[in-house]
Amino acid sequence: MASTNVDPATEADYLDLKMEQYLSVLYTSLPDQPVSTTARLTARRATPSDGVDRISELPDALLRDIISRLPAKDAARTAVLATRWRGVWRSAPLVLIDTHLSDGTWPPTEKSAGAVVSAVSRALASHPGPFRCVRLVYSRMGERQAALKRWLRLLAAKGVQELVLVNRPWPREVPLPSTLFTLSTLTRLYIGVWKFPDAAGLRGVSFPHLWELGLCLVEVENGDIDAVVARSPVLEILNIQGSLRGKCLRLVSQSLRCVQVCTSVTVMESTEVVNAERLIVCEDMNLSGVCTRVKIGNAPKLKLFAYLEPGKHTLEIGDTVIMPGVEASPSMMLTTVKILSLHVCFGVHKDIKMMPAFLGCFPNVEALHITSAKCDQPTDKLNLKFWEDEAGPIVNVLLRIRVMTFREFRGEQYELSFLRYFFKSTYALNQAVISLANPSFTSRSEDEMISSVVNMRIGNFASEFEVLFYVSTGPEGLSRWTFKRGAKFSDDDPFATVKIIPSYQILLEGLALIAGVTSSGIV
C-alpha cells in the first residue's frame, strides 16, 4: 500500500481552518456579552450647563452599578476622575472581556495573544474583586498553563459570577486545571475546547449558585458531567455542544429545567434525563455525530421535547424501547409533553414507520413541529401508501394537536402523503403553518409548492383550520439551532414559526408570509 506524504505545515493549516469553523459555531452558542465597546451614551441637557458635577453627587452604590456596566478599560479610566472614583472603581464588580483588550487582530497572532494574556493578568491582579463577568476567548492556552492556573486562583479568591473560558486551537486536549472546581461563587459557566478536569477532584466540592452550565467541544469522561450536575443544587440550564468522549450521559436533578445536547464530532450512545422541563437533542454542524439512544426516565415535568429523529434516534421510555407497530401502553407515554419537534426524512421508509410509534408516546401534544429532511434516495412506493394504508389513527393527531408546523417543505409526493393523512385525521387543529424550503435550493418554485398543497384532493375535513404558507429565505436545512432560543423560558414554544397574540402575528427571522387559506379552500 502506497504511503501518502502530507506536508505537516499544510496539515496544521487545514486543522486550524477546520477548528476556526467549529469555533465560529461555538461563539454563537456563548451567552451575549454584558457590555459593549461600541455602545454610545447620550444625554439631553434641559438647561445650559452650570459647571456642577452632579454625577459625583450620586450614591456610591449607583456609581458602582454604572462602572460594572462598562468595559474594563473604560471602568479603569474612571479612577483618574477623582480620589472618590478610585475607591468606587476598586469596589465595583467588574466585567473583564479579553477581546476588548486586544489590538483588533483576528484571528489572534502569537504576538497579539501574548499581549492580551499580559493585560488580563494585570487586570485580575490589580482589582480586588469581585468580577461580575470574565470572558476569556482570545488566546491559545496550551503554552500558558501557568498563567491559566494563576487566573483561576485569583478568580476563586476574589469571586467571579460569570465565567466564559474558551481555548484557541490546537491542541484541543489541553487539560483544564482542577482549580476550576474551587470557583464556588459561579452563577454561569461556559467552557470550550478543553479537556474537562477529572471529576475525582470534586470530593467535598459544590457549586451552590451555579444556574447555567455550557460545555462546548469539551472532552469529558463518562460520569464527569453527571457529577457536576449532582453538585449544583440550583442548576436550571445545561447546554452541551459536541465532542464528548463519554458515551453515556445520565442527568438526575431536581432543579434542571432545560437540557440541550447538540452532538457533532463523536457519538453519544445514550442520553438519559430525569425531571427536566425541556429536552432538546440535535445534530449540530451538519456532521455525522448523533445521539443514537435517548432515554427518558422519571420525567413528570417534561413539557417540550425536540428534535427527535425517527431514523437516527432510538427512543427508550422507562425500560421500554419504542418500536414500530407496537401500541403504546400507559407506561410508555409521556403525558406531560405539550410541544414536540421531529426531524423526519419522509422519503425513507424506516423513518415514517417510526413516526406513529413515536407520536403515540406523546398523547397530549398540542403543538407539533416537523422539519422535513432532504432525501436523496429514490422514493419507495411504500412511502406513498404508508399513511393511507398502514399508519392508522393516532390519538394526539385526532384529538389534541392544535398547531402544526411543517418546515422545509419541497412539494415532494411523500411529504404530501403525510399532509393529506394529517389534514383528514385531525379534529382539533386550528392552524397549520407550512414553511417552504428556500427556492434557491429546490427544483420547484414557490407557486408550484403552494399549488401542490392547495390542489390536494382530500375529501371531507374533520374540522376547519387555517393554513399559512411561508417561504424560507435562510440556508438549506434551516439555520443552526441556538442555545439561547431553547433556554428562553419566556417563550413557551421556541419552535413556533408564528407567534399569535391578540390582533398581531409575530414572525420569526428568515420567513416571509406569502399566502394563507382555510382548510375549506383545499379540495
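Which residues form a nonpolar patch on the surface? In this predicted model, the patch is made up of Val321, Met323 and Val326, and together these residues have about 240 Å² of accessible area. Allow me to take Met323 as the example. Met323 sits in the loop that runs between strand S14 (320-321) and strand S15 (339-344). The relative accessible area of Met323 is 44%, so this residue is partly exposed.

I turn now to the charged side chains. The count of salt bridges comes to 14, and I shall present three pairs.

The first pair to discuss is Arg69 with Asp65, whose closest N and O atoms are 3.2 Å apart. Arg69 is exposed, at a relative accessible area of 53%, whereas Asp65 is partly exposed, at 32%.

Next, Glu309 forms a salt bridge with Lys312, and here the closest N and O atoms are 3.8 Å apart. Lys312 is partly exposed, with a relative accessible area of 41%. Glu309, by contrast, has a relative accessible area of 8% and is therefore buried, since buried means under 20%.

Finally, Glu412 pairs with Arg444, with 3.3 Å between the closest N and O atoms. Glu412 belongs to the loop between strand S17 (403-409) and helix H11 (413-425), while Arg444 belongs to the loop between strand S18 (431-436) and helix H12 (446-454), so this salt bridge ties together parts that are 32 residues apart in sequence. Both partners are partly exposed: Glu412 at 23% relative accessibility and Arg444 at 27%.

Salt bridges can also share partners, and in this way Glu162, Arg188 and Glu212 are joined into one network. Thank you for your attention.

Conventions. Residues are numbered from 1 along each chain as its sequence is written. This is a predicted model: local features need pLDDT of at least 70, side-chain atom pairs count only at pLDDT 80 or more; totals for chains, interfaces and linings use all residues. Side-chain values use heavy atoms; hydrogens and water are left out. Patches are made of residues with over 30% relative accessible area and no salt bridge: like charges are joined within 9 Å, nonpolar side chains (Val, Leu, Ile, Met, Phe, Trp, Tyr) within 5 Å. Accessible areas come from the Shrake-Rupley method with a 1.4 Å probe; for residues, only the protein chains shown count as cover. A salt bridge is a side-chain nitrogen of Lys or Arg within 4 Å of a carboxyl oxygen of Asp or Glu. Helices (H or I, at least four residues) and strands (E, at least two) are DSSP runs, numbered from the N terminus. Buried means under 20% relative accessible area, exposed over 50%, partly exposed in between (1.4 Å probe, protein chains only).
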